[in-house]
Amino acid sequence: MAGNGEGDIKDDNKTRPLDVDDIIILKTYESDTGLAVPSQFDLVADKQMMQEEQPLQVARCTKIINPNTEDAKYVINVKQMAESIGKIALCGYALYVQIVVGLGDKVSPPDIEEGMRVRVDRNKYQIQIPLPPKINPSVTMMTVEEKPDVTYNDVGGCKEQIEKMQEVVELPMLHPEKFVKLGIDPPKGVLCYGPPGTR
């Protein structure tokens with residue numbers, strides 16, 4: 001291929017064997033996990049940090065006793081695991097226990113409200129972190145993050161299919177009175193099938 005003077009590119013479609021530099025680069029990609037070499041691990045410091053920062057447990061603040069005062073206390077529901085030994089098997093079941101607790105060092109009283117989910121430590125059960133409301137993941141999948149600006153004019157060559165979709169999807173939402181007047185139930189949905197771009 002002839003060059004044009006700016007960044008001449010050869011297009012000879014030939015493969016060449018890897019040289020030593022290529023192999024070194026490939027080995028660094030394969031072995032780079034982002035972790036330090038085991039000789040540099042600080043296990044003692046990691047164990048100490050794990051003991052200092054105990055895992056927190058989720059609870060729900062159900063009532064505030066003496067709100068807006070310095071000696072406010074909080075009633076929380078905490079899930080506790082209980083074990084029952086039966087004749088045949090060991091069964092575990094959860095109990096919800098109500099406990100009156102105070103606040104941790106990093107939380108202020110206005111941060112906590114009744115009915116709120118909170119994180120508590122497992123030793124003193126002090127409230128450490130307020131949590132946002134629990135959201136069902138299936139609901140969040142259905143939220144529209146961005147409204148598309150595509151119109152029917154952007155879709156070409158499918159006039160008949162577009163008319164059918166408008167009749168089945170849009171008409172029941174825009175003019176439900178027509179279906180009531182005719183005494184028929186509107187369609188509940190549309191099943192589109194086939195590879196993209198086909199009729």
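E160 and K164 form a salt bridge, with 3.6 Å between the closest N and O atoms. The model is predicted. The salt-bridge count comes to one. Beyond this pair, the briefing covers a nonpolar surface patch and two loop residues with positive phi.

**Salt bridge in helix α4**
- Side chains of opposite charge can pair when their charged atoms come close.
- E160 and K164 are four residues apart in helix α4, so about one helical turn separates them.
- E160 counts as partly exposed, because its relative accessibility is 49% and the partly exposed class lies between 20% and 50%.

**Nonpolar surface patch**
- M165, V169, M173, L174 and V190 make a nonpolar patch on the surface.
- The area of this patch is about 450 Å².
- M173, one of the patch residues, sits in helix α4, which covers residues 159–174.
- M173 has a relative accessible area of 63%; exposed means over 50%, so M173 is exposed.

**Positive phi between β1 and β2**
- N66 has a phi near 55 degrees, a positive value in a residue other than glycine.
- N66 is placed in the loop between β1 (56–65) and β2 (73–85).
- With a relative accessibility of 41%, N66 counts as partly exposed.
- N68 is also in the loop between β1 and β2.
- Phi of N68 is near 60 degrees, again positive in a residue other than glycine.
- N68 is exposed, at 83% relative accessible area.

Notes
Residues numbered from 1 in each chain as written. Predicted model: local features only at pLDDT ≥ 70, side-chain atom pairs only at ≥ 80, totals over all residues. Heavy atoms only, no water. Patch = residues over 30% accessible without salt bridge, like charges linked within 9 Å, V, L, I, M, F, W, Y side chains within 5 Å. Areas by Shrake-Rupley, 256 points an atom, 1.4 Å probe, with all protein chains shown as cover. Salt bridge = Lys/Arg side-chain N within 4 Å of Asp/Glu carboxyl O. Helix = DSSP H or I, 4+ residues; strand = E, 2+ residues; numbered from the N terminus. Buried < 20%, exposed > 50% of the residue type's maximum accessible area, 1.4 Å probe, protein only.
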